[in-house]
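Some notes on the fold follow, with the strands taken before the helices. Please read them beside the structure.

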Amino acid sequence: KKNDPDLNEDLIVITDHHIAVLDGTTDKSNQKIEGYQSSGRFAVTIAAETISQLPPDATLRETVDRITKSLNDAIRRTGSYDDDYEDRGGFQKERPGLTLLMYSSQKRQVWRVGDG
């Protein structure tokens, strides 16, 4: 991953009200999602798009809920997982994921979500 930027699963997002460091995690199945080199890259890309659209006063809970919804919706749109993926617990066990470290200037808080 060090010598190939396309394999990088880390992103930094800076908006007028938030700064976020995103660290993608590749799921255990090593699932590739069309258009992305890894599921970790997919996850941080979707999260970055979501963070860039957050309102200035977004709470931690709102931020996590919006990222989760965006990621779930994006996974479904790709068709990369079959119809019973969710029923098998796939969203918990195999889903693309990320660790988030984020600063909210309006809340004057630093948030950390994930195990990175």
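1. S104 stands opposite Q109 in β4. That places the residue pair within the β3 and β4 pairing, which is antiparallel and runs over five bridges. Keep in mind that this is a predicted model.

2. The wider sheet is open and has four strands. Their order is β1-β2-β3-β4, and the pairing is antiparallel. β1 and β4 (109-113) are the edge strands, each pairing on one side only. On average, neighbouring strands are turned by 10° against each other, direction ignored. In general, strands of a sheet pair through backbone hydrogen bonds, either parallel or antiparallel.

3. Two helices pack on this sheet. α1 touches β1, β2 and β3, and its direction makes about 160° with that of β2. α2 touches β3 and β4, and its direction makes about 40° with that of β4.

4. How far apart should the ends of α1 be? The helix covers residues 39-51, which is 13 residues. At 1.5 Å a residue the expected span is 18 Å, and the end C-alpha atoms are 18 Å apart, so the two values agree.

5. α1 is mostly covered, with eleven of its 13 residues buried. Among them are S39, G40, F42, A43 and V44. The buried set also includes T45, I46, A47, A48, T50 and I51.

6. What covers the buried residues of α1? The cover includes the strands β1 (10-14), β2 (18-25) and β3 (97-104). It also includes the helix α2 (60-78).

Notes
Residues numbered from 1 in each chain as written. Predicted model: local features only at pLDDT ≥ 70, side-chain atom pairs only at ≥ 80, totals over all residues. Heavy atoms only, no water. Expected span 1.5 Å × (residues − 1). Buried < 20%, exposed > 50% of the residue type's maximum accessible area, 1.4 Å probe, protein only. Contact = heavy atoms within 4.5 Å. Pairing = 2+ DSSP bridges. Axes fitted to C-alpha atoms, helices over the stretch in contact; angles between N-to-C directions.
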